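Me: I'd like to learn how to read the empty spaces and a helix packing in a protein model. Can you take me through them one at a time?

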Amino acid sequence: MTKALRMATLGIAWAVLISGCASLNDYQQTGKLNLSGLKTPVTILRDGRGVPYIRAAESADAFMAQGFVSAQDRLFQMELNRRFAAGRISEFAGEKAIGLDTRMRTLGLYRNAQKHARLLDAPTRAFFQHYADGVNAYIQTRAETLPLEFKLAGITPGPWSVEDSLAILYIMAWDTSANIRTEIVTQMLVEKLGEEKAREIFPLNVNPDDPEASHQAKNVRLHNPSVAGVGADPLTMALLDPGILSLGSNNWVSGPAMSKNGRPIVANDPHLDARVLPGPWYPVGMVTPEFRAVGVNIAGIPGIVVGRTAHLAFGATNAYGDMQDLYVETVDANNPANYMEGKASIPFVVLEEEIRFKDKKAADGYGIKKIQIRKTHRGPVISGLLKGLNTEKVMTVRFAPFETMHGGVGFNHFLTAPTVDRAIDALRQVNMIGLNMVFADTAGNIAWWVTGTLPNRTGGGGTIPYTVTDGKDNWNGWIDFEEKPHAVNPEKGWLGTCNHTTITRDTSYYHSSYFSPSFRYRRLKELMGSKTSVDVTDHWQFQRDTKNMLAVKVAPLMARVLSSHEETRRMGEILSQWNFHDDTDQAAPTIFQAVFRKLAFHVFEDELGPETAAVYLDNWYLWQERLLDMIIKNDSAWFDDVRTKEVQESRDDLFVRAALDAADQLRERLGSNPATWLWGKVHQLELVSPIRRKGFGKGLLGGGTHPAPGSGETLCRGWYDVNNPFDVTHSASLRMVADLADDEKVLAVQPSGVSGRVFHPHATDQIPDFMSGKIRYWWFSDAAIEAHAVTRMILNP
């Protein structure tokens with residue numbers, strides 16, 4: 001077959017595929033449709049971007065309609081998420097996913113969602129059930145319009161349940177409790193270096209609002225720091241980190257005195273891995289006699305977690321509260337089916353499960369893998385899942401939300417809370433996830449409060465795995481809600497969080513050892529302090545701000561050193577002329593990021609070794625502030641390369657080494673002229689379809705590759721993998737600005753679209769506006785919704 005014929009054949013195949021997708025995307029958005037379970041008719045309007053606006057006479061019908069439209073647009077995404085939580089990916093991915101499913105079943109997110117569902121109070125259960133009823137109404141009545149992705153994956157959706165929505169919430173909860181990675185890495189450092197030396201490079205967490213509290217991570221207590229068997233295998237990190245909904249983010253609120261229109265303005269841009277279309281957030285508007293709201297939630301969960309109502313606006317970031325601990329258990333030497341609690345021998349609880357996996361050789365197309373899950377009263381044994389842990393040690397993981405379930409979830413009350421005070425009352429129920437929530441109300445009140453269950457630790461734990469030596473519990477109850485970081489109507493007139501530590505010198509308990517470096521929050525403080533008043537356009541521009549506060553401190557030092565050496569002079573000159581903004585049309589960001597990254601490896605690799613250094617440096621939060629502190633003080637023994645006995649290297653020596661290494665890599669990729677090493681050429685955001693992430697067709701099914709401004713240190717987030725630079729892995733998955741003085745609209749855009757259906761017109765239509773910074777809106781008032789409606793559908797009982 002000639003090349004031309006092959007291309008023609010492929011073109012015809014794609015045309016057929018696109019044609020088939022178009023027919024599957026033709027789900028009903030106009031006219032009338034009967035929906036059993038509704039009490040009264042519901043009207044669904046969609047705007048020019050496909051955002052649904054639901055009008056219902058009863059809240060229950062609004063939540064059912066939300067489930068229905070969510071399924072219309074995002075059912076395949078919802079199906080993947082619930083299967084991920086339940087450990088059922090192997091059913092369509094085959095034997096290669098058994099390890100993933102084993103891990104998820106062992107962690108028990110879905111198992112505990114089932115437990116939680118049984119505890120829900122009647123109103124909260126009804127909230128989830130109405131949504132599930134809407135999803136099921138779509139599945140049961142509109143099977144002919146299921147997304148093409150189901151056929152390609154070879155699966156069909158089963159009934160949606162309350163447990164499914166709770167399981168997705170628990171994925172978010174697990175992913176926001178990120179301290180397990182810190183525990184493993186810090187223990188690994190202790191084993192490699194000894195406790196005293198390891199402490200020198202433990203995480204340094206800086207609170208710019210209270211610098212005296214900034215060395216807390218150095219002073220946390222270790223417990224029995226002699227656990228053998230923690231290795232540097234990167235799989236150790238991956239196996240304990242589901243990561244699909246791992247949350248970063250910026251949020252802030254300006255109070256009425258600072259806002260030009262005289263009422264608070266809330267801004268939020270959650271940072272997630274948004275590379276796989278359609279992205280995590282599903283937008284919806286809802287109008288009922290009880291509430292009016294517009295915003296987003298994770299597809300598969302009812303209600304709104306980021307957005308505004310007639311009374312409130314609210315946004316979320318990850319507070320990184322440490323709700324997880326690893327334990328080293330002692331197996332009874334006389335009975336390996338038991339573990340020891342002091343002198344007491346207690347049987348492991350053993351769960352037996354079957355993983356069904358796709359197998360073309362099997363008669364029915366499926367094979368069965370039987371697994372056993374062992375549990376102590378603290379949690380499941382996970383050491384068998386980790387190649388980086390010595391299999392002779394039995395390690396369990398404990399997760400606080402599993403121990404503090406109750407009848408509510410809290411988020412559902414955001415819709416009807418009339419004031420900030422009532423919203424704070426709702427936060428008392430939010431046990432399962434650790435967030436920085438910011439609120440504002442139309443009366444002018446603003447607030448920030450940290451949510452989630454935090455253990456009151458005694459006798460160690462939290463920073464490295466805790467070795468169980470007796471029957472005493474190192475978790476002594478829970479931190480009171482009033483003791484968690486918070487502020488209400490501060491004198492400065494605004495509040496904000498950027499995943500940095502908000503712990504102050506007055507904090508008496510251990511909160512976490514894992515926070516974002518302070519660079520984004522420092523820039524936010526600088527921006528808010530530069531203006532006496534702000535409007536929505538200011539907030540929108542702040543979200544896209546690219547000034548790098550790490551570079552402000554380090555780049556001048558780097559430029560001076562590089563400019564003094566012939567081989568690196570041109571790089572130094574470019575850095576010396578830089579405005580510290582990580583913009584796509586500048587070469588300086590590329591040089592700075594490449595050199596700073598190489599510097600980190602030169603500083604730590606000689607003592608840690610290549611594998612351990614790669615794991616340590618894999619997470620920026622663990623080391624960036626620490627390395628900055630070393631650079632500024634310029635007296636650290638870590639600058640000396642211990643492999644060169646006859647030479648004592650300095651900080652500046654390593655700057656030059658790092659620059660030479662970076663230059664070699666950049667020349668190979670971008671050519672010999674440093675002036676052409678533009679940031680946008682290497683720092684790019686690629687948006688792909690879940691059904692074709694690699695290979696032929698990826699570009700056609702996805703959302704393209706785009707030069708990405710910003711970096712991990714800027715408000716305009718563009719985080720990349722330090723071990724695989726420089727493509728973006730985490731970025732803003734939504735930008736929202738809500739002015740409570742504007743009852744017509746909310747500024748909002750996503751790096752994708754409303755629909756999760758391949759080739760749907762609203763699958764990728766927001767990408768150009770997201771990348772360019774163009775302002776787009778959700779509509780809020782009846783008049784605005786009506787004026788921008790493109791389709792209208794009536795759901796009848």
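Me: Let's start with the second largest cavity: which residues lie nearest its centre?
Reply: Bear in mind that this is a predicted model. A good way into a cavity is to ask who sits round the middle. Here 14 residues line the second largest cavity, and Ala 708, Pro 709, Arg 735, Phe 770 and Met 771 lie nearest its centre. The elements giving two or more residues to that lining are β27 (724–732) and α24 (767–772), with β27 supplying the largest share, three residues.

Me: How much space lies in the second largest cavity, and how do the lining residues divide?
Reply: You've got about 100 Å³ in there. By class, the lining splits into eight nonpolar, three polar and three charged residues.

Me: How many cavities of 30 Å³ or more does a search of the whole structure find, and what volume has the largest?
Reply: The search turns up seven at that cut-off, and the largest cavity comes to about 140 Å³. It has 17 lining residues, and those closest to its centre are Leu 169, Met 172, Asn 297, Val 305 and Phe 411. Helices α6 (122–141) and α8 (162–176) are the elements that give two or more residues to this lining. On chemistry, 16 of the lining residues are nonpolar, one is polar and none is charged.

Me: Now an open site. What is the volume of the second largest pocket, and which residues are closest to its centre?
Reply: Read a pocket the way you read a cavity: volume, centre, lining. The second largest pocket has about 390 Å³. There are 21 residues in its lining, and Trp 448, His 486, Ala 487, Thr 502 and Thr 504 are the closest to the centre. Strands β22 (486–488) and β23 (494–497) are the elements that give two or more residues each, and β23 gives the most, with three. The lining divides into seven nonpolar, nine polar and five charged residues.

Me: Last one: at what angle do α16 and α21 pack?
Reply: For a helix pair, take the angle and the axis distance, then see who touches. Helix α16 (residues 549–563) and helix α21 (residues 651–670) pack at about 80°, with axes 10 Å apart. Angles from 65 to 115 degrees count as roughly perpendicular, so α16 and α21 are roughly perpendicular to each other. On the α16 side, Val 554, Leu 557, Met 558, Arg 560, Val 561 and Leu 562 make the contact, meeting Arg 651, Asp 652, Phe 655, Val 656 and Ala 659 of α21. By class, that contact has eight nonpolar, no polar and three charged residues.

Key:
Residues numbered from 1 in each chain as written. Predicted model: local features only at pLDDT ≥ 70, side-chain atom pairs only at ≥ 80, totals over all residues. Heavy atoms only, no water. Axes fitted to C-alpha atoms, helices over the stretch in contact; angles between N-to-C directions. Helix = DSSP H or I, 4+ residues; strand = E, 2+ residues; numbered from the N terminus. Parallel < 35°, antiparallel > 145°, perpendicular 65-115°, else oblique. Contact = heavy atoms within 4.5 Å. Nonpolar A, V, L, I, M, F, W, Y, C, P; charged D, E, K, R; others polar. 1 Å grid on protein atoms, 1.4 Å probe; cavity = no way out; pocket = protein on both sides within 12 Å on 5 of 7 lines; lining within 4 Å. Points joined across faces, edges and corners; volume = space filled by probe spheres on them.
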